[in-house]
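Biologist: Hi! Could you bring up the model so we can talk it through?

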Amino acid sequence: AQTRDWEKLTHSYVVGVADPTGSIPEGHIVVPGLTSNRDDLNSLFVTRCPCIRRGDGRLLPLVTSRPDGMSAKDWNFLESLHFGCVIFGNSKNGKPELASSIPDGVLDEDLYFILWNKEMLSYIEDATADVDYESDARGGLRKVAIDAQSGARRPDWLQEAQETMIDLKKTVQRSEATASRR
């Protein structure tokens, strides 16, 4: 039996959508056509492009069988959908929507990159502990970096990163100048 190339894929771009059943557990996702009877998958890496900051990608728990509280009818509906979307569990208790925690994602036909390669997933840590949200001037949410050691908010993280890159560039230039004199 010859394997088709698409069967070897361990990543894809898919459209992000909200849970139409309201029964997917909060903070979880369903990927129709991928998750059926997959006991070997418990999470996927999900991001949007560009994924440039550590917190821009998320390792999200994957629902692979009908969760408690979901009717068989709702589960069968989700299972009947074709591959091509990631369904985000709806937010409860006033928390930010899961999709918006991935670089400013919204569920209006945004494309999300998903990865389920087990070897690569083993190297990925979820960076959500390093990210928090606060209201911006327009009433929306914006990411605020959190210091991993102290837990303090670091609203000046971009300036710190730029200064670090400038210092690194100067160090490399000095090293190159020293090496060229030899």
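Modeller: Sure, one term to begin: a polar contact is a pair of N or O atoms within 3.5 Å; within protein, one must be able to donate a hydrogen and the other to accept it, and residues adjacent in sequence count only if both atoms are side-chain atoms. This is a predicted model, where local features need pLDDT of at least 70, side-chain atom pairs count only at pLDDT 80 or more, and totals for chains, interfaces and linings use all residues. Residues are numbered from 1 along each chain as its sequence is written, and side-chain values use heavy atoms, leaving out hydrogens and water.

Biologist: Which side chain does Asp19 make a polar contact with?
Modeller: That of Thr21, at 2.6 Å. A polar atom of the Asp19 side chain also lies 2.8 Å from the backbone nitrogen of Ser23.

Biologist: And is Asp19 buried or exposed?
Modeller: Asp19 counts as buried because its relative accessibility is 5%; buried means under 20% relative accessible area, exposed over 50%, partly exposed in between, with a 1.4 Å probe and protein chains only.

Biologist: What does Asp19 touch, leaving out residues up to four places away in sequence?
Modeller: Ile24, Ile87, Phe88, Gly89 and Asn90, with contact meaning heavy atoms within 4.5 Å.

Biologist: New topic: what order do the strands take in the sheet?
Modeller: The 6 strands run 2-5-1-6-3-4 in an open sheet with mixed pairing. Strands (E, at least two residues) are DSSP runs, numbered from the N terminus, and two of them pair if DSSP finds at least two bridges between them.

Biologist: Which ones are the edge strands?
Modeller: Strand 2 and strand 4 (58-61), each pairing on one side only.

Methods: Helix = DSSP H or I, 4+ residues; strand = E, 2+ residues; numbered from the N terminus.
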